[in-house]
Amino acid sequence: MNVGKEAKIYWISILQGWSMLLVVIGHVTLTNIFENPATPVSTEVERIIYGFHMPLFMFISGGLFYYTKIRKGKKYGVTIRDKAKRLLAPFIFFTLATFVLKYIFNPLMKRPVELSFKQIINSILYPASNPLGEMWFIITLFIIFLFYPVFKWSLQWNKCIVSVWITALLLNLFFPKDIEILCFSQVAYYLVYFYSGLLFFKFDAYKYTDTKCFFCSFSYVFCPF
């Protein structure tokens with residue numbers, strides 16, 4: 001595989017495309033019940049997709065964050081403002097828009113809403129309760145971006161890289177899974193995938209993506225077979 005600049009972008013674009021497709025397929029719940037013994041094929045498709053599509057998404061996000069921000073030495077304030085425009089502004093807009101639409105058609109909604117200031121605030125602080133609960137990943141990703149100084153600092157020394165990666169892995173394994181405020185549990189779980197993607201680009205590991213060894217290793221890490 002050619003590892004020039006254009007090839008790198010082409011490779012990551014393909015991976016992005018597949019990730020987005022899998023997210024869409026994963027949310028088109030064919031049976032409306034994830035564990036329906038009467039539809040084993042649909043259940044298995046959903047199980048496989050949900051086993052790896054979000055870790056893969058976070059992995060890609062980490063790689064792109066290194067490629068577009070850390071490698072270019074972007075300042076922290078500029079980076080966070082940019083991410084706020086790209087993530088928080090759409091999150092707030094679609095949250096409010098969905099509140100209005102669901103309120104208008106409340107009797108027809110599976111998850112009706114109460115158009116109140118308290119519920120709107122809760123939808124932001126507790127994204128899982130958002131009328132578009134599927135947007136939890138936006139808050140999760142934004143909070144991970146806030147660790148930019150830690151990422152940048154750690155990349156200066158290999159010992160720090162190892163320490164941060166192990167810390168992220170321990171958070172993935174042992175952090176409580178039920179802390180819903182600002183998606184703290186999701187942040188702890190997905191941080192190791194994000195940081196791994198960051199390291200993937202830091203050390204130019206994409207150069208080895210055309211080898212059988214890489215394909216087998218990558219499949220083993222991300223696929224729940």
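Reader: What is the relative accessible area of Leu146, and how should that value be read?

Author: In this predicted model, Leu146 has a relative accessible area of 33% and is therefore partly exposed. The term covers values between the buried class, under 20%, and the exposed class, over 50%.

Reader: Where does Leu146 lie, and which residues does Leu146 touch when those up to four places away in sequence are not counted?

Author: Leu146 belongs to the loop between helix 5 and helix 6 (148-154). With residues up to four places away in sequence set aside, Leu146 touches Tyr76 and Ile80. One may also compare position along the chain with position in space: Lys83 is 63 residues apart from Leu146 along the chain, and their C-alpha atoms are separated by 9.6 Å.

Reader: How many residues of helix 5 are buried?

Author: Nine of the ten residues of helix 5 are buried, so this helix is largely enclosed by the rest of the structure. The buried residues are Trp136, Ile138, Ile139, Thr140, Leu141, Phe142, Ile143, Ile144 and Phe145.

Reader: How is the packing of two helices described?

Author: Two packed helices are described by the angle between their axes and by the distance between the axes. Here, helix 5 (residues 136-145) packs with helix 8 (residues 184-202) at an angle of about 65°, and their axes are 9 Å apart. The crossing of helix 5 past helix 8 is right-handed.

Reader: Which residues meet where helix 5 and helix 8 pack?

Author: Helix 5 contributes Trp136, Thr140, Leu141, Ile143, Ile144 and Phe145, which meet Phe184, Gln186, Val187, Tyr190, Leu191 and Phe194 of helix 8.

Reader: Which residues form the nonpolar patch on the surface?

Author: The patch consists of Tyr10, Ile14, Trp18, Leu21, Ile25, Val41 and Val45, which together have about 700 Å² of accessible area. Helix 1 (5-27) and helix 2 (40-70) each supply at least two of its residues, and the largest share, five residues, comes from helix 1. For helices in general, an α-helix has 3.6 residues a turn, so residues three or four places apart point the same way. One member of the patch, Ile25, lies in helix 1. Ile25 counts as partly exposed because its relative accessibility is 35%.

Reader: Is His53 buried or exposed, and what does His53 contact beyond its neighbours within four places in sequence?

Author: His53, a residue of helix 2, is buried, with a relative accessible area of 2%. Apart from neighbours within four places in sequence, His53 is in contact with Leu22 and Val23.

Conventions
Residues numbered from 1 in each chain as written. Predicted model: local features only at pLDDT ≥ 70, side-chain atom pairs only at ≥ 80, totals over all residues. Heavy atoms only, no water. Patch = residues over 30% accessible without salt bridge, like charges linked within 9 Å, V, L, I, M, F, W, Y side chains within 5 Å. Areas by Shrake-Rupley, 256 points an atom, 1.4 Å probe, with all protein chains shown as cover. Salt bridge = Lys/Arg side-chain N within 4 Å of Asp/Glu carboxyl O. Buried < 20%, exposed > 50% of the residue type's maximum accessible area, 1.4 Å probe, protein only. Axes fitted to C-alpha atoms, helices over the stretch in contact; angles between N-to-C directions. Left-handed = near helix turned anticlockwise from the far one by under 90°. Contact = heavy atoms within 4.5 Å.
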